[in-house]
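Visitor: Hey, got a minute to walk me through this one? I'd like to start with how the strands line up.
Guide: Sure, let's pull it up.

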Amino acid sequence: MAAVVDHAAAARKAGLSMPDTQVIIFGNPQAGTPLMQAHPEIAIDLPMRLMVRDDGQPGSLVTWQDPAYLAQRYGLGEDQLAPLNAPAKIASALDGR
C-alpha cells in the first residue's frame, strides 16, 4: 500500500502557496497488523509516513517519526521495532548511504 499527499499542490488549488511538500504514506499489512493486534492504539501512527519538502537549500529535507519515540509511546519490545525502521532505510537508500 502506498500513497502520496502533495500539500503544495493542494495549497495551489486553494489559491495559496507553500514550498514543495509531499507526504509519502506506505505500509505492509504483514508487518503492521501484528503491531496493531498487540497495541491497537498504534493504528494512529500506521501506516508509516515520510515527509519530503523543499527547505530552500539544495536537495530536499526528509523527515519521519522516530521509531524510538513510537517504541516508548506504545511500550514496544525490541523485537517489534523492525517494521518501524522502514522510513530510515528508505531515506538512506534515497541519500545513497
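Guide: One term before we start: two strands count as paired if DSSP finds at least two bridges between them. Also, keep in mind that this is a predicted model.

Visitor: Okay. Which residue in strand 3 does Val23 stand opposite?
Guide: That's Met51. Val23 has a partner in the other direction too, with Val5 standing opposite it.

Visitor: How many bridges join strand 2 to strand 3?
Guide: There are 6 bridges, and the two strands run antiparallel. Strand 3 covers residues 48-53.

Visitor: And strand 1 with strand 2, parallel or antiparallel?
Guide: Antiparallel, over 5 bridges, with strand 2 spanning residues 21-26. Besides the Val5 and Val23 pair, you'll find Asp6 opposite Gln22 of strand 2.

Visitor: So what's the order of the strands in the sheet?
Guide: It goes 1-2-3-4, an open sheet of 4 strands with antiparallel pairing. Strand 1 (2-6) and strand 4 (61-64) are the edge strands, each pairing on one side only. From one strand to the next, the twist averages 20°.

Visitor: Switching topics. Which peptide bond is cis?
Guide: The one from Leu46 to Pro47, where omega is near 0°. As a rule, most peptide bonds are trans.

Visitor: Where does Pro47 sit?
Guide: In the loop between helix 2 and strand 3.

Visitor: Now pockets. What volume does the largest pocket have?
Guide: About 240 Å³. Its lining is made up of 16 residues, and Phe26, Gly27, Asn28, Pro29 and Gly32 lie nearest the centre.

Visitor: Which element gives the largest share of that lining?
Guide: Helix 2, residues 29-38, which supplies 6 residues of the lining.

Visitor: How many lining residues are nonpolar, and how many are polar or charged?
Guide: The lining has 12 nonpolar and 4 polar residues, and no charged ones.

Visitor: Last thing, confidence. What's the mean pLDDT of the chain?
Guide: The mean is 91, and 97% of the residues reach 70 or more.

Visitor: Which element has the lowest mean?
Guide: Helix 4 (residues 86-95), with a mean pLDDT of 80. Helix 1 (residues 7-13) has the highest, at 98. In general, coordinates should not be read in detail where pLDDT is low.

Note on methods:
Residues numbered from 1 in each chain as written. Predicted model: local features only at pLDDT ≥ 70, side-chain atom pairs only at ≥ 80, totals over all residues. Heavy atoms only, no water. pLDDT = per-residue confidence, 0-100. 1 Å grid on protein atoms, 1.4 Å probe; cavity = no way out; pocket = protein on both sides within 12 Å on 5 of 7 lines; lining within 4 Å. Points joined across faces, edges and corners; volume = space filled by probe spheres on them. Nonpolar A, V, L, I, M, F, W, Y, C, P; charged D, E, K, R; others polar. Axes fitted to C-alpha atoms, helices over the stretch in contact; angles between N-to-C directions.
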